[in-house]
Amino acid sequence: MRQHILPALRLTAVTIVFFCGIYTIFILAIAQAAPGKGRGETVTVNGKVVGFALEGQNFNQDKYFWSRPSAVSYNAAGSAGSNKGPTNPDYLKQVQDRIDTFLVHNPGIKKAEIPSELVTASGSGLDPDLSPSGAKVQVKRIAAIRRIDEKVLIKLIDQHTDAPFLGIFGPNKVNVLKLNIALDELK
Amino acid sequence: MNTEILGVLAMYGILVLLAIPIGRYIGKVYAGERTWPDPVLGPLDHVFFRLSGIKADRDMNWKQHLVALLTINLVWFLFSMLMLMNMSWLPFNPDGNPSMSADLAFNTTVSFVSNTNLQHYSGESGVSYLGQLVLMLFQFVSAGTGMAACAVVFNAMKERTTEKLGNFYNYFIKSCTRILLPLAIVVAIILVFNGTPMTFQGKDSYISMQGDTVQVSRGPAAAMIAIKQLGTNGGGFFGANSAVPFENPNYFTNMVEDISIVLIPMAMVFALGYILKRRRLAWVIFGVMTIGFLCFLIPSLFYEMKGNPSIGHLGISQSLGSMEGKEVRFGSAASAFWGITTTVTSNGSVNAMHDSFTPLTGMFTMLGMMVNSFYGGVGVGFLNFYVYMIIAVFISGLMVGRTPEFLGKKIEAKEMKIATMVALLHTFLILSFTALSSHLFAAHPQEYAGWLNNPGNHGFSEMLYEYTSSSANNGSGFEGLGDGVPFWNITCGIVMLLSRFIPIVGPVAIAGILAKKKYIPESAGTLKTDTTTFGIMVFAVIAIVVALSFFPALSLGPLAEFFGVK
């Protein structure tokens, strides 16, 4: 073993310098050319930062499209899912409560129209997206509150729907923050 | 066709297309042949060798390999303990995160040195940026260690009689610089251009449209995420791992990261074919692994896309599938695909919360770790498979009345004893520690109430999963488990330590002993190992060992939960 200690120590030192140092600095340098310079791209409205492009934020006011439930209340200082098991009775009650709340705030919507992502928590607690149907099921409520024609809102959602990657891979989605910014800019 | 399914097919297709040439490249690197990046990486290796005082051409026997491997791992262990317990006052700590307690530092150190990356802390609040960089170092070198051990076994499997099995440091350094580093740079660059942070600035904050003040964690994440995927490490920069938008911004990055998870484990099989000049054998191994993988993948895709029946009873639409713990931008299919790829390999990063998977998907993720050799971890996945092959050769030899020979070497009692011990160690560690924790929980329900996030069978699954993940050096979790306490830190640490090094020592010893034996050329009496029949035999050995060992435990956890759904 003794003959291996010195090489082990020296090799460890070299790998520290190379992988913690040089590799990190190299990627850091490349990040300066990336959007947001590797510091996270922000979204600005009227010169004011209102969020980060990738991270979801909490929308629970009736005048906005709601975002998904979150186990960390969209506080991006941390991240977590609920980690509730699929058959946990407390969890199922919680989902039932969310369904009831949704129905109260969205008169005229039937239970079967609510897509599951609106009443289940995401993996990160920071999910920025909804499915197009998750946004469209909220149109009636927002149209009534904002006194906007439902067709205008549907069109807005369609405009903000991201197609699958390359048009064929993965699901459709709508970024809730961008959709709500566009909603405020209507009229 | 459904775009979510198309996405999954594309990921698997691209994966195989990349693994074949990269496997060939890895084979050339270990065989010491010329490769195209030589002009750049040759001088880099030379710097490593010079500064470390290593003579790369000095051959070692299998014992010397193991001593070198264990010595350097001990150095890493001490270095990591020192850093993690002193992070708070060291530089690069803009968020003022604390140092780790001794038991948490022990768990985290063992976890990263053993290529497991089980995380009983949350990246945003539990480590400084310096701590993250130290952990990233281990993501390179622990992967390099596993690959080097695998390279020794490849070398020992050649048709000749020798004790000289190459130089450990040579295999180790080249695994890091020639294989992991170039791929990591490519993946990291893709990530930063898709929005993953790479900065030393601390948390940012903004006021949301509804007027909430929100803090946003950032950091030098892209560099770490690239190597966490490629080296089957899996330890995320942020708490919720690759479910976090910053770690995995969109469907494209999800494809890149998920392909990175399986790329090297799969390529190692083709590297074996190249080094031994036995392509057929490589394809047989690949076939067995792929069939095993599909057995877990297909039902998981089905159940996740179908949705959670208990939620279905509430009367809402589940056209997107089961969405608890999943992200909309990936969807249920890509989440199930990731769940299986990350557990059959020993990666353990997640893009959806495994605790919230439907019961049978949860079981298949556990089975992936219980087998731990359908592709498996970088290097070590093949070592586990090698053990199963040795057992299969021996059993089939007995069945047909031929001397059990594997690639021209006679397998005798000593090798069989080592192989059996390694194969059963995994079962022993998982089941005995799950039994211990279940006993404690059942005997002191008040005291340990904080352990479980879910009642009943699912709660049992949380404990079973934790030890399965530790013993498979996987690192994912049913994260509802309250595991940040001394009991879990210490027991999981012990499990990870034993199940890392014994399954490396065992196969290297077997291969070393076999290499020294007389080479017997193939004859009519030789059991052919590059045939479908032998493939089926290996598959049967794996299925029987795993089914007999784990069926009772699984029936108490996910199976009972599945059949209990009304």
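Is B:Asn117 buried or exposed? B:Asn117 is buried, with a relative accessible area of 0%. Here buried means under 20% relative accessible area, exposed means over 50%, and partly exposed lies in between (1.4 Å probe, protein chains only).

This is a predicted model, in which local features need pLDDT of at least 70 and side-chain atom pairs count only at pLDDT 80 or more, while totals for chains, interfaces and linings use all residues. Residues are numbered from 1 along each chain as its sequence is written, chains are lettered from A and ligands numbered from 1 in the order in which they are written, and side-chain values use heavy atoms, with hydrogens and water left out.

1. **Positive phi in chain B.** B:Asn117 has a phi near 65 degrees, a positive value in a residue other than glycine. B:Asn117 lies in the loop between helix 4 (102-113) and helix 5 (123-126) of chain B. Helices (H or I, at least four residues) and strands (E, at least two) are DSSP runs, numbered from the N terminus. B:Tyr375 is another residue other than glycine with a positive phi, near 75 degrees. Look for B:Tyr375 in the loop between helix 13 (359-371) and helix 14 (380-400) of chain B. B:Tyr375 is buried, with a relative accessible area of 1%.

2. **The hairpin of chain B.** Strand 1 (residues 204-207) and strand 2 (residues 213-216) of chain B run antiparallel and are joined by four bridges. Strands pair if DSSP finds at least two bridges between them. B:Asp204 stands opposite B:Val216, and B:Ile207 stands opposite B:Thr213. Five residues separate the two strands of this hairpin. In the turn, B:Gly211 has a positive phi of about 90 degrees.

3. **Two faces of strand 2.** Side chains alternate along strand 2 of chain B. B:Val214 and B:Val216 point to one face and are buried. B:Thr213 and B:Gln215 point to the other face and are not buried.

4. **Helices 7 and 8 of chain B.** The axes of helix 7 (residues 168-193) and helix 8 (residues 221-230) of chain B come within 8 Å and cross at roughly 130 degrees. Axes are lines fitted to C-alpha atoms, for helices over the stretch in contact, and angles run from 0 to 180 degrees between N-to-C directions. That crossing makes helix 7 of chain B oblique to helix 8 of chain B. Angles under 35 degrees count as roughly parallel, over 145 as roughly antiparallel, 65 to 115 as roughly perpendicular and the rest as oblique. Residues of helix 7 in the contact include B:Leu180, B:Leu183 and B:Val187; among those of helix 8 are B:Ala222, B:Ile225 and B:Leu230. Contact means heavy atoms within 4.5 Å. By class, this contact of helix 7 with helix 8 of chain B has 13 nonpolar, no polar and no charged residues. Ala, Val, Leu, Ile, Met, Phe, Trp, Tyr, Cys and Pro count as nonpolar, Asp, Glu, Lys and Arg as charged, and the others, Gly among them, as polar.

5. **Helices 14 and 18 of chain B.** Helix 14 and helix 18 (residues 532-564) of chain B have axes that come within 9 Å and cross at roughly 110 degrees. That makes helix 14 of chain B roughly perpendicular to helix 18 of chain B. Their contact divides into 15 nonpolar residues, one polar and no charged. Helix 14 contributes B:Ser396, among others. Helix 18 residues here include B:Phe534 and B:Val546.

6. **Helices 5 and 6 of chain A.** Helix 5 (residues 150-159) and helix 6 (residues 176-185) of chain A pack at an angle of about 140 degrees, with axes 10 Å apart. That makes helix 5 of chain A oblique to helix 6 of chain A. A:Leu153, A:Leu156 and A:Ile157 of helix 5 make the contact with A:Leu179, A:Ala182 and A:Leu183 of helix 6. By class, that contact has six nonpolar, no polar and no charged residues.

7. **The sheet of chain A.** Three strands of chain A form an open sheet in the order 3-5-4, with antiparallel pairing. Strand 3 (129-130) and strand 4 (161-162) are the edge strands, each pairing on one side only. Two bridges join strand 3 to strand 5 (residues 173-175) of chain A. A:Asp129 stands opposite A:Asn175 in strand 5. Helix 6 of chain A packs on the sheet and touches strand 3 and strand 5. The direction of helix 6 makes about 60 degrees with that of strand 5 of chain A.
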